[in-house]
Every structure is written in C-alpha cells, then in structure tokens.
Amino acid sequence: MLEQLKRMAVLATVIEQGSFAGAARQLQTSTSAVSQQVRALERDMGVTLLHRSTRKLSLTPAGSRFHEGCAAMLAAAREAQTQLHQLRDAPQGELRVAAPVGFARQLGPALAPLLAAHPGLSLHLEVDDGFTDLVEKRIDLAIRFGRLPDSAWVGTRIGEKHISLYAAPAYLARHGVPTLETLADHDWLLLRPDASGRHRLPLPGPGSRVLEVQARATSNNQLSLQQLCEAGLGLALLSPGDVGEVAQSGRLLALLPELAWPTLPIHALSPQRDAQPAKVRHAIAALRQFFQAAGKPAASIDPSPQETP
C-alpha cells in the first residue's frame with residue numbers, strides 16, 4: 001500500500017509539472033525512475049493512465065478520473081506537512097497547563113504577552129493541588145515546586161520561589177513578635193505535616209539546625225494557608241510573590257528578615273525534551289522570563305504589633 005501511495009504521488013507530480021523531467025526535478029530523482037514508477041502504477045491498476053508522445057503527455061479518460069484522487073491525496077499531504085511545520089515553528093492550538101491552585105493566578109500575567117502575540121494560541125488551565133494525571137488530561141506543561149518525583153516527563157527549571165515568614169497584625173497583638181528562640185512556641189499553619197501534627201522545618205543559616213513545631217492548622221493548599229494566616233490563626237511560610245498586595249496593605253507582615261529560608265525551585269514538566277511543539281517551547285521561555293523578572297524576594301515590613309480595632 002505504501003508503495004502504491006508513493007506512485008500515486010509521483011503521477012500527480014508528473015501532471016502538475018507537465019513532464020517526467022519536470023517531476024524528476026521536483027522529486028530530486030531521475031527521469032527514468034519517475035517513468036518506472038508511473039509504469040508500475042499502470043501495471044498494478046491494470047489500465048493505461050497516460051498517453052505518451054515525444055512532444056507531450058496527456059491523461060487517458062481513466063487516468064483523468066484516477067488523477068483527481070491522486071492530486072487530492074498529494075494536496076492533503078502537503079497541507080498536513082504545512083500544518084505540522086506551523087505547529088513546530090509558530091505557537092498555535094490549545095496550550096494545556098496544569099498548576100497548583102495558589103500559583104494559577106500568576107500564570108495569567110506570565111502567559112498574557114505570549115497569547116497576545118499569537119492569536120492562534122489558546123490556553124486551558126488545569127488547576128489542582130493534587131497529583132493530576134498529566135497524560136489523561138492531555139497536559140502540555142505542568143508547573144511543579146520543590147523536589148521533582150521520578151517521572152518520564154522532562155523538567156525544565158524556570159525560576160525559584162522565595163519563602164518568608166508571615167503573620168497577621170492581630171496574631172502578633174495576641175502572641176507577640178516571634179524571635180528565633182521563641183519560634184517553636186508559636187502556632188503554625190503548615191502544608192501536609194506528619195500524622196502527629198509535628199513538622200520539622202530546616203532553619204536557615206550554617207549547620208543543619210531543625211525547628212520542630214506543632215501545627216495549629218494544616219492544608220494541602222497554599223492559598224488556604226495564606227487565608228488562615230490573614231485571619232490571625234498563626235505563622236506561615238509563604239511566598240512574597242503570592243502575598244505581595246496583602247503585605248503591601250499591611251494585612252500580613254514579614255517576620256525575621258534575617259532568616260533566609262531555602263528557596264523552592266520552580267519546574268515546567270513536559271512530555272519530551274526533543275521536538276517540542278512551538279507552543280510548549282514559547283510557553284517555557286515566557287514563564288522563565290516572568291519568574292526571573294519577579295524572582296527577587298520582597299522587602300520585609302516592620303512586624304511591630306498593632307492594636308486591633
């Protein structure tokens with residue numbers, strides 16, 4: 001069948017170019033090879049497709065009917081090739097991105113310039129703090145933080161997430177401003193602690209110091225922890241990039257600025273490293289540019305407790 005399709009394409013090219021020699025130049029082969037392909041097609045079909053003379057070629061009635069299908073097949077193949085090249089070279093189609101809930105709001109500003117520059121590109125966000133089945137959801141890019149699990153997907157580092165310690169003024173008014181020595185005595189809002197509710201936090205600085213704290217509230221969602229922190233329920237390790245407006249308004253205050261908490265790497269996971277579609281390559285570049293520009297930690301705010309009305 002494959003050889004038959006090849007010979008049909010050769011016949012369509014002969015008619016398109018008007019001669020065996022023209023088709024040979026187009027196909028980058030010899031005139032005799034083109035002629036042999038057409039003869040083999042006629043033999044397989046059991047019918048003469050071309051009238052040959054020293055001056056010109058013309059289709060027989062049967063050849064004319066058959067050529068319509070051959071030409072349509074060749075045109076469809078060329079169109080498919082053109083579309084594939086466009087997908088490879090220019091972002092278009094639907095870009096499917098998976099991200100944690102708290103992070104999704106940053107994807108709009110990060111990808112907006114890319115979408116504005118390429119009208120043929122659309123975006124679908126799959127927002128979930130759980131482990132999304134990336135294959136089932138047909139995800140092109142998945143945004144992940146921290147240590148990557150073993151996976152066949154390829155991780156590209158696109159930035160880092162800075163972490164700072166925050167509390168609401170109301171909490172500080174009731175419990176006082178924490179110091180390094182009193183951190184363990186405060187209420188903590190934590191992501192996924194162990195079954196006992198205790199959590200071991202690596203302390204910034206030299207050595208391998210670990211702070212063991214008790215969770216007052218826990219969540220599998222960073223945005224929920226931020227909301228609990230704003231409500232004055234305890235201390236939380238949050239990203240300045242996530243709490244920028246809230247911190248600027250004074251609803252959350254950055255604490256212990258001398259502690260440089262470890263940063264979390266941000267990765268974009270994609271199904272393959274080579275031959276990525278243009279939409280994936282351009283999205284990775286846009287995300288990397290956005291996070292490099294926004295990657296500096298926010299300035300700390302004076303955490304002096306304030307009286308609540």
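The exercises below work through the cores, one helix and the overall make-up of a predicted model.

**Exercise 1.** Identify the elements that build the largest nonpolar core.

Solution. Start with the core itself: it has 20 residues, and Leu 107, Leu 111, Leu 141, Ile 143, Ile 158 and Leu 287 have the most contacts inside it. Next, list the elements that each supply at least two residues: strands S3 (93–99), S5 (141–145) and S13 (264–270), together with helices H5 (101–117) and H9 (278–293). Of these, H9 gives the most, with six residues.

**Exercise 2.** List the contacts of Ile 158, leaving aside neighbours within four places in sequence.

Solution. With heavy atoms within 4.5 Å as the criterion, the partners of Ile 158 are Ile 143, Ile 266, His 267, Ala 268, Ile 284, Leu 287, Arg 288 and Phe 291. Another core lies apart from the largest one; this other core has 19 residues, including Leu 190, Val 213, Leu 235 and Leu 256.

**Exercise 3.** Compare the span of helix H3 with the expected value, then find its buried residues.

Solution. H3 covers residues 31–45, 15 in number, and reaches 21 Å from first to last C-alpha, close to the expected 21 Å. Taking buried as under 20% relative accessible area, the buried residues of H3 are Val 34, Ser 35, Gln 37, Val 38, Ala 40, Leu 41 and Glu 42. In an α-helix, residues three or four places apart point the same way, because there are 3.6 residues a turn. Just after H3, Gly 46 has a positive phi of about 70 degrees.

**Exercise 4.** Summarise the protein as a whole.

Solution. Count the elements: nine helices and 13 strands. Of the 309 residues, 40% are buried. Among contacts with a separation of 6 or more, 72% join residues 24 or more positions apart.

Methods
Residues numbered from 1 in each chain as written. Predicted model: local features only at pLDDT ≥ 70, side-chain atom pairs only at ≥ 80, totals over all residues. Heavy atoms only, no water. Core = buried A, V, L, I, M, F, W, Y, C linked by side-chain atoms within 4.5 Å. Buried < 20%, exposed > 50% of the residue type's maximum accessible area, 1.4 Å probe, protein only. Helix = DSSP H or I, 4+ residues; strand = E, 2+ residues; numbered from the N terminus. Expected span 1.5 Å × (residues − 1).
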